[in-house]
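Got the model open in your viewer? Let's walk through it stop by stop, with something to select at each one.

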Amino acid sequence: MGDAHYGSRGRDDKAKGGGWKREEAGEGFARGPPRDTSGATHKDGDTDPQSPANMAVPRERRACGAEVTKPEVRPRLRGLGARGRGWRTVSGAMPRAAGLGRAAALGPLLAAHVVAAIEPISVGIALGAASALTGYLSYTDLYCRFAECCREEQRLNASALKLELEEKLFGQHLATEVILKALTGFKNNKNPKKPLTLSLHGWAGTGKNFVSQIVAENLHSKGLKSNFVHLFVSTLHFPHEQHIKLYQDQLQGWIRGNVSACASSVFIFDEMDKLHPGVIDAIKPFLDYYEQVDGVSYRKAIFMFLSNAGGDLITKTALDFWRAGRKREDIQLKDLEPVLSVGVFNNKHSGLWRSGLIDRNLIDYFIPFLPLEYRHVKMCVRAEMRARGSAVDEDVVTRVAEEMTFFPKGEKIYSDKGCKTVQSRLDFH
């Protein structure tokens, strides 16, 4: 899973696998990450017992989309009278008028004693909480201050996204431009006709995973740890070719459940080049121009595919520009996108081989990640040193960059691993 991943954050997030959920008969269900249910064989030959493919654990769901595993208890504000009926006398023989008069006299006196027993600060906090609950904040607003909620109408901060891409992603002018425009346009459209679908291609270490992390963080505050961002890793979640039909059924259920809970969910499919052909076609109806599918609208969801497939085509184009004396920044999307879509469609190892997603033009952008040059590797080293809180030492930067291997064999222009091994190599200096 190679990225130009500059800094130490989020490197272990991709293993969490999301939190796959579905809706059935009006009740919320939660699933663990996708797994092979055929049974795992240990070294000693034993086989784990199979678990039901559709096993689900019921959970209660709150109004804002978050889930709780325990019954929800809502606070109730009560006055000093337990039933809110005021103060009453205990003598039934007392005339009604006298009883009311005595109650009026005793009420303030008892209330004064109660208030005096409580610290003024505590009273202020209690009154403030009561005001917030009853007037200024709704229950959902208050809850969402302490737990993650799905903010479907939340606008994208395009300036923050642009700044982060420009400062942290090196040598990828095409990816920066296309992703910024695609996300901004999609999030500003209140009624999109289909989900946004992006396919990121390039060699390992060029920044695909890093970009998916940046996108996730700008769409949902918890990024890859969000309940509304879901990461699929082909070799982990869909390992066996003989279970393609099972994977397809489960994938549809997981996506349907999560989009039902949050319309603006994000789904990231990593290592698409290792995905068995046919699996991804299960989500084709969700990516198409349908207003709803079985009562669920997928139009505000975002799907991202990450793949090494097409890396050779991207490198060839970049190398042709270099040999012609042209800058890599002169490469435009139109120079690569048509080549990528055709090449990936005809590549048996792409995960999108002869896929209906391409045939039906359901992928909005094929985004190329160019191979990184020596100068870009040095930028990665500097960024990693800053992320560790260390002063940038140019001697160390040069030594780490020179330890990397480059291709083609004659020119040695591009790093064959991008910035993928920068972190581990920096540990030795």
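A word on burial before you click: buried means under 20% relative accessible area, exposed over 50%, and partly exposed in between, using a 1.4 Å probe and protein chains only. Try it on Tyr-247: its relative accessibility is 0%, so Tyr-247 counts as buried.

Some housekeeping. You're looking at a predicted model, where local features need pLDDT of at least 70, side-chain atom pairs count only at pLDDT 80 or more, and totals for chains, interfaces and linings use all residues. Residues are numbered from 1 along each chain as its sequence is written, and side-chain values use heavy atoms, with hydrogens and water left out.

**Stop 1: the aromatic cluster**

Keep Tyr-247 on screen and add Phe-238, which is buried too, at 2% relative accessible area. Rings of Phe, Tyr and Trp (its six-membered ring) count as a pair if their centres lie within 6.5 Å; planes under 30 degrees apart are stacked, over 60 edge-to-face, and the rest tilted. The whole structure holds eight aromatic pairs.

Now select Phe-232 and Phe-269. These two rings are stacked, 4.7 Å centre to centre with 5° between the planes. Phe-232 sits in strand S6 (residues 229-233) and Phe-269 in strand S7 (residues 266-270), so this pair ties together parts that are 37 residues apart in sequence. Helices (H or I, at least four residues) and strands (E, at least two) are DSSP runs, numbered from the N terminus. Both Phe-232 and Phe-269 are buried.

Back to Phe-238 and Tyr-247: their ring centres are 5.5 Å apart and their planes are at 70°, so this pair is edge-to-face. Add Phe-305 and you have one aromatic cluster, made up of Phe-232, Phe-238, Tyr-247, Phe-269 and Phe-305.

**Stop 2: the nonpolar cores**

A nonpolar core here is a set of buried Ala, Val, Leu, Ile, Met, Phe, Trp, Tyr and Cys residues joined through side-chain atoms within 4.5 Å. Which residues have the most contacts inside the largest core? Select Leu-183, Ile-255, Phe-269, Ile-280, Ile-283 and Phe-305; the core itself has 73 residues. Helix H5 (residues 173-188) supplies the largest share, eight residues.

Zoom in on Ile-255. Setting aside residues up to four places away in sequence, Ile-255 touches Phe-267, Phe-269, Ile-283, Phe-286, Tyr-298 and Phe-303 (contact means heavy atoms within 4.5 Å). Then look for a second, separate core of 16 residues, including Leu-372, Ala-383, Val-400 and Val-422.

**Stop 3: a lysine in a loop**

Is Lys-194 buried or exposed? With 6% relative accessibility, Lys-194 counts as buried. You'll find Lys-194 in the loop between H5 and strand S5 (196-201).

Show polar contacts (N or O atoms within 3.5 Å; within protein, one must be able to donate a hydrogen and the other to accept it, and residues adjacent in sequence count only if both atoms are side-chain atoms). The Lys-194 side chain makes one with the side chain of Asp-364, at 3.1 Å. A polar atom of the Lys-194 side chain also lies 3.0 Å from the backbone oxygen of Leu-362.

**Stop 4: backbone oddities**

Most residues other than glycine have a negative phi, and most peptide bonds are trans. Select Phe-407 and Pro-408: the peptide bond between them is cis, with omega near -5°. Pro-408 is in the loop between strand S10 (406-407) and strand S11 (414-415).

Lys-412 is in the loop between S10 and S11 as well. Its phi is positive, near 50°, and Lys-412 is exposed at 54% relative accessible area. Finish at Asn-361, where phi is near 55°.
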